[in-house]
Structures are given as C-alpha cells and as structure tokens.
Amino acid sequence: MNIFIRRTDTYRSGIFHEMARHPSIAEVLQHDEYRKLAQFRHHGSVSCLDHCIDVALITFSLAERHGCDAVSAARGALLHDLFFYDWRTEGPRLHGFRHPAIACANAGKLFELNKIEMDAILRHMWPLTPVPPRYRESMLVCYADKVVTYRDYRGSVRGAVSAIKKSFQKTAP
C-alpha cells in the first residue's frame, strides 16, 4: 500500500497505515476501479486519488480524536470524489453541483455504503450545494475537503510562480 503515500513524513505514513488496517477501508484502497482515480488530475497537479486519500487522512484523524465513526468517515472521504473524468474538460456542466451524486452512484455500484458514508459523499460540497451534512463525520469530510483543496491549489500556484521566476531570471540581462 506504500504506493498511496505521496509524502514521506512519518506522521502521515502512520495515520495511513492505521487507517488502512481496517478491512472496509482496505477494501476501497485495494479496489482496481478505485485505483483508476490516479489517472485523473483533480486540483492543480494533484491526482483525484491523492486528493481523496489526503482528505481521508485528515478526516480519519479528526474523527478518532472526536469520538466519531472514523471508519465510516474515512470511507466517505475516500469515495467523495469517485468520478472517472477530468472535470475541466469532460463530464457534466456545473460539475461542482453534480459530482457528489455521480460519486455516490459510482461508490454504490462498487461498495456497500452506510448512511454516514452516503451523506458524506453527497454533502461534501456544502455550502455550494444547499443541503448541509447531517452527521458529524460528514461535516469532517466537508471540512477536510476544503483544507486539502486549498493545499492542493496552493502547491500548484507556488510551483507555477517558482517556474515563472526562474524563467525571468534566465532572461534577465
């Protein structure tokens, strides 16, 4: 399962391995269809797979800390963006509004979902989508998704700015 650890820091690796030892989480991580998310760029240069795993790591950690159902929260986080297209160039119009239902339908075809997992997938885009999360675990997925999305884009912007600075330095007299 080491293929899923994008950053090598010990803390993240420890949370990942603790999370992945749960059979229902390992079921998702090891599923061939789920692994296909690595083929799709999501935010900036981050793959959809990496994004979902990062959201799950934060969600799992927070859920354990706050006495929530950490396994259902992590599964909801892993599956919250389970769509198989590059949303910038393919898929339905108004992707931000529609992809939660698409992800939930895809997840339901691959896995048996409980009510917390379904709610987390369907409500993770709140407040863009009008109905707020019903469960604490769903709210953690919603929150973690915002944090990770910000981090994903921030990293991409920093990389672009760095490349622009280097190109200017090369052309400066």
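**View 1. Thr-59 sits buried, with a relative accessible area of 0%.** Buried here means under 20% relative accessible area with a 1.4 Å probe, protein chains only. This is a predicted model, where local features need pLDDT of at least 70, side-chain atom pairs count only at pLDDT 80 or more, and totals for chains, interfaces and linings use all residues. Residues are numbered from 1 along each chain as its sequence is written, and side-chain values use heavy atoms, leaving out hydrogens and water. Leaving aside residues up to four places away in sequence, Thr-59 touches Ala-73, Ala-74, Ala-77, Leu-140, Val-141 and Ala-144; a contact is heavy atoms within 4.5 Å. Asp-145 is 86 residues from Thr-59 in sequence, yet their C-alpha atoms are 8.8 Å apart.

**View 2. Helix H4, home of Thr-59, covers residues 48–65.** Helices are DSSP runs of H or I, at least four residues, numbered from the N terminus. With 18 residues at 1.5 Å each, H4 should span 26 Å, and its end C-alpha atoms are indeed 26 Å apart; the expected span is 1.5 Å times one less than the number of residues. Of those 18 residues, 15 are buried. After H4 comes Gly-67, with a positive phi near 70°.

**View 3. Cysteines without a bridge: the disulfide count is 0.** A disulfide would need a pair of cysteine sulfur atoms within 2.5 Å. For Cys-52, the nearest cysteine sulfur belongs to Cys-48, 4.4 Å away. Cys-52 is buried at 0% relative accessible area, and Cys-142 counts as buried at 3%.

**View 4. Trp-126 and Pro-127 share a cis peptide bond.** Omega there is about 15°. Pro-127 lies in the loop between helices H7 (115–123) and H8 (136–171).

Notes. Helix = DSSP H or I, 4+ residues; strand = E, 2+ residues; numbered from the N terminus. Buried < 20%, exposed > 50% of the residue type's maximum accessible area, 1.4 Å probe, protein only.
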